[in-house]
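Please find below a colleague's note on the structure shown here. The points are numbered for ease of reference.

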Amino acid sequence: RNQVLLLSDKEFNIIIKQQFLFMMSKLQFEFTVVTSPKDTKSNVIAITSISTEDGKRYILPEESRFMGEHIELRKSNYYTKLVNSLKKRNQVRKVWITMTKELEETYVDEDGNLQFKDQYLEEINEENINKTQDHNLKEILEKLIETTQNKNKEKNLKQIADKLLIEKFSSKNTNAKQWMENFEKECSRFQIDKKEDKIELLKLFLDKPSLDWHSSTLIRLTVNAGWSEWKKRFLECFTDNGWNNATYALSFKYREGSLTDYAMKKEKLLIDFNKDMDIKSLIALIAVGLPEFILNKIDKSELKETTDLFNNLRQLECLVKKNFQKKFTLDFQKNTKYEEKKPCKTCEDLGKEDKIKIEGIYDSGSQVSLINKKLIKTINNNKDNNKIQLKTISGVSVTKGLTRLKLKIFNIEKKIDVFIVENEDFHDFLIGLDIIKEFKLRQDENLIISQKQLQNEDMIEINFNEHIAEKDFKIDLNHLDYKKKIKIEQIIEEYKTIFAKDKYDVGTLKDYEARIDLLVDKFCSKRPYRCTIEDREEIEQQVAKLLEKSLIEESYSPFAAPVTLALKKGEGNTRLCIDFRDLNKIVTPQAQPFPLIDDLIIKARNCKYFTSLDINSAFWSIPLRIEDRNKTGFITQEGHYQWTCLPFGLKTAPAIFQRILSSILRKNNLKNFTENYIDDILIFSETFEDHIIHIKQVLGAIIKEGFRLKLKKCMFASESIKYLGHIIENNTVRPIKDNLVSIYNFPTPKTQKNIRQFL
């Protein structure tokens, strides 16, 4: 018999679902390694599509593709294998995964539809893929064509701008109306009629303030406003309805440089002011701005055109260079902020922001010196100005008073009286015969200005004409009275050649050299460390200086230590550091005793005066044995080098230098009143007279052996001095307070390792 089984709707749906799930017992997941949305340097695994066994393919929404969203899948055994398989970006793996109960609930609903997080997945086929790809390709091509057209248009406009016979518009000096007429004529000549092209071309001829106007107008009007509206706004903004252009053109005078350049510029200013000016008036107004001794050599009757004047001035250029005034540089102590004159970049780099650099004029034909009134506000004694005036032989008053100021020229610094001039076209400062005499200035046949040195007075020339920070060449002698201070200054002047100009100015010892012995016969080599572009440039600059001073040389050594930069404590700049850690592991150590503070207390008993000397770049003063140079090879991003002298960072360097310097002091019979700890030399004496003798003996030995000293770190004839972490005085030694604070603040040791750290 045929039996009919009656099922309810619910029972029927359950059977259908079970059959469908049996058909979908597996799903194929496509995994791809993509860029992390949080960090472009990191990679993550994403699911790009899911395929069924009947060949249908579904894609997930972009925000749901990353594996961090698929918790149940990450719990499965498949995930571990997947992570081990995908290592590089853009790698793809397609994996069939058997559906567990948890995975079914995640990716399939009750009716057998593919889902994820309450969203049905989109089925894709080849037709949709091709349409999407074609649409994307079309958009890319349209953008590429548009970009190319814009670039070509911009390039064409720049080429046209180079051919236009007009100067760049200056918002300060240019006649806006006249300039705009010339601009439109040039646009017509090159057939530039479109408003967009004119507006874009106008931008290429504007200075910085005018460009700001162009940007703001572009926001307010846009290019759709039309050229006539843009022209109207331009003239409203930049046309000068006052007398500024006229005043500037008529009062413009020659100050320095080429006479012909002045004349051509004056002609342009006058024509901008009045293009209908007749030739005679134009020539006369140009001529009145010339120096009087030049004007007296020009015959007015021969000048028919401005070109005749230009030709005359070309022949007189030599007179300006020979007889006219010479530029000079002065230093004034700064009192208040003065916005018109800021320190130049060189002064800022050298740490001289507290001074104002100005341009002065050297004029041996003037009996007195003059200063422009606009600079008076920078002078300390501004209140000392008086009403004394200077008059010419005809009785005309040319000054506004007299002031006394502190002036430094080369190595001489004095207070001197100068007359005040109120004239915007006058130079900042004029050096006359009074200052020339006081500061012993002279000018040779090559127009070079120098300072005469007295036969019985040698000036300190350490920092003369050198780009070295002034603070590095000042010593603190305030602890001495006047007579003792003079004595120390005389010593410094006598031994001035011993002081280094910079850290690369090192001496070279003749009778000593360092050697490097290895425990095992092998080489150490590493790749250069990665660094920023700024650090890389700094490293190469320092390497270039070391090569220039022959402290290093190019190398073919198998040894290659990497380099890095370290901040130099207390100075704020960086120094080149070679990572010799691998080399130090195989270097044979050298035994050398170092001085103890207890021994120094006994040796310096009853001494009242102490001097400390610091050897400049001490280790570099010791030549390195030729056969050992290859062991100091180091590598940068740009090259491979090796040291010709004893390098910093080598394990045995302190012992080598300690032994050599101690031997030098002993050889010159200086050990009774000196002690050295590596490159720091301490001189101690009971009386000031003995101390002066001892200092001279030590400095003489240092010069003879070939060392250089760093003046900034030297202390002379002090009754209290810092040495080896202690403050040393007459029969007294105590630790430096900063060191005690570090000890007090050290946490209580709780382990054996903590105790070692404390000790």
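**Note on the fold**

1. Of the 759 residues of the protein chain, 39% count as buried (under 20% relative accessible area, with exposed over 50% and partly exposed in between, for a 1.4 Å probe and protein chains only). The model is a predicted one, in which local features need pLDDT of at least 70 and side-chain atom pairs count only at pLDDT 80 or more, whereas totals for chains, interfaces and linings use all residues. Residues are numbered from 1 along each chain as its sequence is written, and side-chain values use heavy atoms, with hydrogens and water left out.

2. The chain contains 25 helices and 27 strands (DSSP runs numbered from the N terminus: helices are H or I of at least four residues, strands E of at least two). Where contacts (heavy atoms within 4.5 Å) link residues at least 6 apart in sequence, 68% of them join residues at least 24 apart.

3. Strand 11 (residues 402–409) and strand 12 (residues 412–421) run antiparallel and are joined by 8 bridges (two strands pair if DSSP finds at least two bridges between them). Lysine 408 lies opposite glutamate 413 of strand 12. These two strands make a hairpin with 2 residues between them, and phenylalanine 410 in the turn has a positive phi of about 55°. Strand 12 is also joined to strand 10 (residues 370–372), in this case in parallel and by 3 bridges; leucine 370 has phenylalanine 419 as its bridge partner.

4. An open sheet of 4 strands follows the order 22-23-19-24 with antiparallel pairing. Strand 22 and strand 24 are its edge strands, each pairing on one side only. From one strand to the next the twist averages 15°. Strand 19 and strand 23 are joined by 6 bridges, and serine 612 stands opposite leucine 682 in strand 23.

5. Two helices deserve attention beside these strands. Helix 22 lies across strand 22 and strand 23, at about 170° to strand 22 (axes are lines fitted to C-alpha atoms, for helices over the stretch in contact, and angles run from 0 to 180 degrees between N-to-C directions). Helix 23 packs on the sheet and touches strand 19, strand 22, strand 23 and strand 24, its direction making about 150° with that of strand 23.

6. Helix 23 has 18 residues and spans 26 Å from first to last C-alpha, close to the 26 Å expected at 1.5 Å a residue (that is, 1.5 Å times one less than the number of residues). Its buried residues include Phe688, Ile692, Ile695 and Leu699. Among the elements covering the buried residues of helix 23 are helix 18, helix 22 and strand 19. Glycine 706, with a positive phi near 110°, follows the helix.

7. How do helix 18 (residues 482–494) and helix 23 (residues 688–705) pack, and at what angle? The angle is about 10° and their axes are 11 Å apart; the two helices are therefore roughly parallel (angles under 35 degrees, with over 145 roughly antiparallel, 65 to 115 roughly perpendicular and the rest oblique). Helix 18 contributes Lys484, Lys487, Ile488, Ile491 and Glu494, and helix 23 contributes Phe688, Ile692, Ile695, Lys696 and Leu699.

8. Strands 25, 26 and 27 form an open antiparallel sheet in the order 25-26-27. Strand 25 (721–723) and strand 27 (732–735) each have a single partner strand, so one side of each is left without a neighbour in the sheet. The twist averages 30° from one strand to the next. Strand 26 (residues 726–729) pairs with strand 27 over 4 bridges, and isoleucine 728 stands opposite valine 733.
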